[in-house]
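Visitor: I am new to this structure. Please choose one part and take me through it closely, with what surrounds it.

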Amino acid sequence: MACLSPSQLKKFQEDGFLLLEGFLTADECMAMQQRIGEIVAEMDVPLHCRTEFSTQEDEQLRNQGSTDYFLSSGDKIRFFFEKGVFDKKGNFLVPPEKSINKIGHGPGGVCEQAGIVAFIFQALVRSVGLQMPVVVQSMYIFKQPHFGGEVSPHQDATFLYTEPLGRVLGVWIAMEDALLENGCLWFIPGSHTRGVSRRMIRAPAGTSFLGSEPAWDSNLFVPLPVRRGGLVLIHGEVVHKSEQNLSNHSRQAYTFHLMEAAAGTVWSPENWLQPTTELPFPPLYI
């Protein structure tokens, strides 16, 4: 049950992100990957629900922000696919297991191993200072070899907005090596201190963005290679991205987001993702 040291906490507060190497063992990562493989082998996504995932704003609104399959995924586990893997009728052009961009978003975890993984982070999250964290979403990201999509520069609080700000924490774990050649994360250190540039707003007619993403200077980004089992803490307002994976190796990762639910925190009713009566945001601490 690792905790942050004072120097690690200070670095996280200054940079907005922090790498902890070797947080999970290779066996723990393999157990997660094996179970995810079983889930993918059993998936059955109807033609009309096959959604290509994108982080480009116009495609994001069209492909995800206007589809019920995505917008109602907050309390479910659903499959989202890479661009260019379907023909015009929605049939797979590549093997289905090689077509998936990510699985999400039910906060209970994408599988039982994910719930176990979240549990072991309790001491770590306590040391960051979260008093009453709840899990708002979880995702398993594949970053397929040769065409795994880029993730454009963004802040998690754009999509997971709270009042006051600073109440969202991302936990990102490398299930495989995440290196420069296969699409590791890149960050702008210190960018979490400047507020939120844009917000995704949900309305009855779909979603839209308030504000716009700045044209970030590429020279401000620093890469963060992570070996298998490494964990990255991500402040909700730090700017980060990842490049397309053109290598021969996938870059699988499990990630979940926490919100500090202590008194005074308001989860925006305009967020695309909302808790439901059937599945409210579950507490991390048991």
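**A helix and the sheet beneath**

Guide: Start with the outward side of α2: opposite its buried residues, Asp27, Gln34 and Ala41 are exposed (over 50% relative accessible area, 1.4 Å probe, protein chains only). Helices here are DSSP runs of H or I, at least four residues; strands are runs of E, at least two; both are numbered from the N terminus. The model is predicted, so local features need pLDDT of at least 70 and side-chain atom pairs count only at pLDDT 80 or more, while totals for chains, interfaces and linings use all residues. Residues are numbered from 1 along each chain as its sequence is written, and side-chain values use heavy atoms, leaving out hydrogens and water.

Now turn to the other face. Cys29, Met32, Gln33, Ile36, Ile39 and Val40 of α2 are buried (under 20%; values in between are partly exposed). Seen down the axis of α2, these buried residues fall within an arc of 120°, taken from the directions from the axis to the C-beta atoms, so they line one face of the helix. An α-helix has 3.6 residues a turn, so residues three or four places apart point the same way.

The length also fits. Helix α2 covers residues 26-41, 16 residues in number, and should span 22 Å, because the expected span is 1.5 Å times one less than the residue count. Its end C-alpha atoms are 22 Å apart, which agrees.

What does α2 lie against? First, the sheet. Seven strands form an open sheet in the order β1-β12-β7-β14-β4-β3-β2, with antiparallel pairing (at least two DSSP bridges between two strands). At the edges stand β1 (17-20) and β2 (77-81), each with a single partner strand, so one side of each has no neighbour in the sheet. From one strand to the next, the twist averages 20° (axes are lines fitted to C-alpha atoms, for helices over the stretch in contact; angles between N-to-C directions run from 0 to 180 degrees). Helix α1 (residues 6-15) packs on this sheet and touches β1, β7 and β12 (contact means heavy atoms within 4.5 Å). Its direction makes about 140° with that of β1. α2 packs on the sheet too, touching β2, β3 (100-105), β4 (133-141), β7 and β14. The direction of α2 makes about 95° with that of β3.

Look next at β7, one of the strands that α2 touches. Seven of the seven residues of β7 (168-174) are buried, so this strand is largely enclosed by the rest of the structure. Val168, Gly170, Trp172 and Ala174 point one way; Leu169, Val171 and Ile173 point the other way. β7 pairs with β14 (residues 253-260) over seven antiparallel bridges. Leu169 has Leu258 as its bridge partner there. Trp172 stands opposite Thr255 in β14. Five antiparallel bridges join β7 to β12 (residues 231-235), where Trp172 stands opposite Val232.

Last, the core. The largest nonpolar core has 39 residues; a core is a set of buried Ala, Val, Leu, Ile, Met, Phe, Trp, Tyr and Cys residues joined through side-chain atoms within 4.5 Å. Ile103, Ile173, Leu231, Leu233 and Leu258 have the most contacts inside this core. α2 gives the most to this core, with five residues. A second, separate core of 13 residues includes Trp172 and Ile234.

Step back to the whole chain. It has six helices and 15 strands. Buried residues make up 54% of its 286 residues.
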